[in-house]
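Dear colleague,

I am passing on the structure you will be working with, and below it I have set out what was found. Please read the notes with the structure open beside them.

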Amino acid sequence: MRISIPPFWRARIHRYKLVATKCKKCGVALYPPASMCRHCGSREVEQVELINEKARLLTWTVIYSVMEGFEARRPLIIGILETVENKARILAPLTDVLPSELKPGMLMEPVIRRIREEGETGLVYYGIAFRPVLSSESPRPRE
Amino acid sequence: MLPEERVGIVGWGVYIPRWRLSLKEIVEVWGFNPEQPEELGVSEKSVAGVDEDAVTMGIEAARNALLRAGVNPKEIGAVWFGTESKPYAVKPSATIVAEAIGATPRAMATDWEFACRAASEAIRASIGVVASGLVKYTLVVGSDTAQANPGDVLEFTASSAATALVIGSREESAAYFEASATYITDTPDFWRRDHSKYPLHGEAFTGEPAYFKHIVGAVKALFEKTGLRPEDFDYAVFHQPNGTFPLRVARMLGFPKEKVPPGLVTPYIGNSYNSSALIGLARVLELAKPGQRILVAPFGSGAGSDAFSIVVTERVEEKKYRAPTVEDYLKRRHLINYSLYAKYRGLVHRIE
């Protein structure tokens, strides 16, 4: 199935840096970014990058009947996460994890992955997926 | 003063996929001699997942390098991507990495090709463009999802990982370059023709006339240029196609055996091609002390080698834990079977 190139191209920066909008009035962060706050209706929103922010896994679903072109990724795991600082809710594929390892509330982090591709000759589309945070015994910044 | 001495590694970062294949699986599927993995000195290899490629791995390594460097990505004047497994034959991987880290639109960006040594040559070129003042920083990425013909001996070691270096002025660096040298000849040890899915190699020909001759040539050129000797180095990091070649080339050059293992990562994850020697350098930077001297000698088939003398500065300590370490990624490890590996790396062909 061929998809249109321009929408993916236009959204690339938002995907690569996980750019959300944050309402200056009520503070709600929205992803994907929106020109108006869906919570309070304010048009005073600013862009925030969430790529270095961790997120808690709220819920997820394991999809066994996948769309054409996603057979190699079966079972596909899609989660809803809430980022720790800005509380943005994000719908995204989960990666580097087995369904049996998932737990509600587990801490995850955004990474750039191949989201889809158009067969062997078409474009490869990169975007955000979340994976369990890399456990580290070393002190780490921005936790 | 050599141009190298004005330039150093401001930040480094790596990436290793979570999935690992035990080499025993390859022995079982292809009927190899069960002792083959031990002879190669490798027990497991890292396997990129179904949603990973050289670009995604390179981006994570680059982000880690930027965390350690603490520089504004807009100040990066060149994004140089060394790989032999780029997702597109035509369309640069470097622009995807540059966009993802925020270095667009004013940086130079190119994919480099020289088998496993492309990123290494990009390091030498970085020394030139930083020392001359043409750019403030470069980002060099070595990233590969190495391909191997299923059932070929190369399949034991062809693995996936990435290493990235932010290269800038010596004053900001965790380690500075002291000198460097290159040794290249036209040697047909390993190649992949256009449209061929897997590389071929000259079997035993990959050793003496290729790996050993070129690394020895580059390191001796470095010694001649600087007057340095093996005893002046605290660590020796070589391209590591398996777990034994680096120890052998160290012996040929007169390095004591104990200077090699700290920078030897291949026994745990296999040969990650453009990241092979560089991930060894990253591991050494994560345990080295200020004032220590490191020899790094990557190698690429076709063939060529570079030798770098690198001196660690006191800034290494503050940068070490700003991003996940090589050990963090080595610990993140989940074994998969040959079937899953075959699916992840596209060895099973589906008609779309």
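A good place to begin is B:Tyr273, which is found in chain B in the loop between helix H8 (266–269) and helix H9 (276–285). Please keep in mind that this is a predicted model. Although B:Tyr273 is not a glycine, its phi is positive, at about 50°. Is B:Tyr273 buried or exposed? With 33 other C-beta atoms within 10 Å, B:Tyr273 is buried, because a residue with 20 or more such neighbours is counted that way.

A second residue of this kind is B:Lys91, which has a positive phi of about 140° and is likewise not a glycine. B:Lys91 is found in the loop of chain B that lies between strand E4 (76–82) and helix H4 (93–101). B:Lys91 counts as exposed, because it has 12 C-beta neighbours inside 10 Å, and the cut-off for an exposed residue is 12 or fewer.

Two peptide bonds also deserve your attention. In chain A, the bond from A:Tyr31 to A:Pro32 is cis, with omega near 0°, and A:Pro32 itself lies in the loop between strand E2 (29–30) and strand E3 (45–49) of that chain. In chain B, the bond that leads from B:Gly302 to B:Ala303 is cis, with omega near 0°, and B:Ala303 has its place in the loop between strand E13 (299–300) and strand E14 (304–312) of chain B.

The last part concerns a sheet in chain B. This is an open sheet of three strands, in the order E3-E2-E15, and its pairing is mixed. Why is one side of strand E3 and of strand E15 of chain B left without a neighbour in the sheet? Strand E3 (44–47) and strand E15 (334–336) of chain B stand at the edges and have a single partner strand each, so one side of each has no neighbour there. From one strand to the next, the twist averages 45°.

Within this sheet, strand E2 (residues 19–22) of chain B is joined to E3(B) by four bridges, and the two run antiparallel. As one example of the pairing, B:Leu21 has B:Lys45 in E3(B) as its bridge partner. Across E2 and E3 of chain B lies helix H1 (residues 23–30) of the same chain, which runs at about 50° to E2(B).

With best wishes

Key:
Residues numbered from 1 in each chain as written. Chains lettered and ligands numbered in written order. Predicted model: local features only at pLDDT ≥ 70, side-chain atom pairs only at ≥ 80, totals over all residues. Pairing = 2+ DSSP bridges. Axes fitted to C-alpha atoms, helices over the stretch in contact; angles between N-to-C directions. Contact = placed C-beta atoms within 7 Å.
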